Amino acid sequence: MKALLRFLALFSLIPGLVSMAAERVETLSWEVGSIPIVKLDTFRGEIRVEPSESGRVELVLAASTPGTEPDAWLRNIEVKSTPFGAGLVISVANTGGEVEFGLSEKSDRSLALTLRVPQVSNLDIRARQGSIEIGNDFEGRTRARLERGSVFVGRTKGSVVAQTEMGTISVARVSGDLTASTRSGNIFVGSVFGWAELHTESGDIEVSNTLGGINAVANAGSVQVGVEQSLAKNSRIEANVGDITLSLNPKSQMALDARARWGSVQTGIPFEVDEGPQNEARIQGSLNGGGPLLALSSNGGNVKIKPAHRYEF
């Protein structure tokens, strides 16, 4: 491991205001094998993942705190690394044992972590608070976990798992399976080519296009999903307090069971309706001869089905 560490005093001059901060900047690098597993575990931080040259992992740490002299918080940030096989585990900890609440003067403290890894890597990023941003065109398995803050994952060739207790999850495109869950926050997804497992306790879910199948549940929010082609598997979309909007390719083949407990089911696509009782709150039928079942259930809103715009990949 190679490391470069320096402490700086920073001054910012604004008319009528003088602000001062002490900063710690550290760069560390490691050699790794082919298709490494890279794990980063930190107590906090604004984390950005970028590509590096093959066979090398680099971490740039930039921390700052008010005042011109490095305080104990800056000095107590500790980076440890543990190589294993072709991979690497990196941990960033506050060894002072101070509880982080992000209040009063502590909110002026900042920790930015830039992690550079080979383009083909399996990533596991975890933080207690802050944000996680993973750039485009990584290949492999990606896992991003955060207690408080937002997660962004760019175009990815592989599978993605994204979790946060409080915050927004945004995923641009996934060639494999996607699992995304949050207790309080929205989930925004571009395209998913594999299976999509999406869940939020309080927030909305928006998916531009799903192909492999989907299980999306918003317990206190609305769900919008686009389906450009026929789904590969039986799927379910549920909004317990909110509306469901489905944008569907009229040439898709599927079976449909759509129901709205306290609202209505509205469709702009001519489904072949099954025999049996049908009403404004439920439609059961098929499209273009049938296919995998798509179940839509809204317990506190309406279900709307409309023709989809064509998506370009």
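## Report on a predicted strand-rich chain

Asparagine 288 lies in the loop between strand E25 (282-287) and strand E26 (293-298). Helices (H or I, at least four residues) and strands (E, at least two) are DSSP runs, numbered from the N terminus. Asparagine 288 has a positive phi of about 55° although it is not a glycine. Its relative accessibility is 35%, so asparagine 288 counts as partly exposed. Buried means under 20% relative accessible area, exposed over 50%, and partly exposed in between (1.4 Å probe, protein chains only). Isoleucine 35 also has a positive phi, near 50°, and is found in the loop between strand E2 (17-31) and strand E3 (37-42). Most residues other than glycine have a negative phi.

The model is predicted: local features need pLDDT of at least 70, side-chain atom pairs count only at pLDDT 80 or more, and totals for chains, interfaces and linings use all residues. Residues are numbered from 1 along each chain as its sequence is written, and side-chain values use heavy atoms, with hydrogens and water left out.

### Chain and core

The protein chain contains 1 helix and 27 strands. Of its 313 residues, 46% are buried. Contact means heavy atoms within 4.5 Å. Among contacts in the chain with a separation of 6 or more, 46% join residues 24 or more positions apart. The chain exposes about 14,800 Å², of which carbon and sulfur atoms supply 49%; this area comes from the Shrake-Rupley method with a 1.4 Å probe.

The largest nonpolar core has 73 residues, and those with the most contacts inside it are Val92, Leu115, Leu198 and Leu296. Strand E9 (residues 122-134) gives the largest share of this core, 5 residues. A nonpolar core is a set of buried Ala, Val, Leu, Ile, Met, Phe, Trp, Tyr and Cys residues joined through side-chain atoms within 4.5 Å. Leaving aside neighbours within four places in sequence, the contacts of leucine 198 include Leu178, Ile187, Val207 and Asn215.

### Three residues in their surroundings

The table leaves out contacts with residues up to four places away in sequence.

| Residue | Element | Relative accessibility | Contacts |
|---|---|---|---|
| Glutamate 206 | strand E17 (residues 205-210) | 32%, partly exposed | Ile187, Phe188, Val189, Gln224 |
| Serine 247 | strand E21 (residues 244-248) | 14%, buried | Val225, Gly226, Val227, Lys306, Ala308 |
| Glycine 268 | loop between strand E23 (265-267) and strand E24 (272-273) | 52%, exposed | Ile305, Pro307 |

Glutamate 206 and glutamine 224 are 18 residues apart along the chain, and their C-alpha atoms are separated by 4.7 Å. For glycine 268 and isoleucine 305, 37 residues apart in sequence, the C-alpha to C-alpha distance is 6.1 Å.

### Largest pocket

The largest pocket has a volume of about 170 Å³. Its lining includes Asp41, Arg126, Arg145, Glu147 and Gln163. Two or more lining residues come from each of E9, strand E11 (142-157) and strand E12 (160-166). By type, the lining residues divide into 2 nonpolar, 2 polar and 6 charged. Here Ala, Val, Leu, Ile, Met, Phe, Trp, Tyr, Cys and Pro count as nonpolar, Asp, Glu, Lys and Arg as charged, and the others, Gly among them, as polar. On a 1 Å grid over the protein atoms alone, a pocket is an open set of points where a 1.4 Å probe fits, with protein on both sides within 12 Å along at least five of seven lines; lining residues have an atom within 4 Å of a point. Grid points are joined across faces, edges and corners, and a volume is the space filled by probe spheres set on the points.
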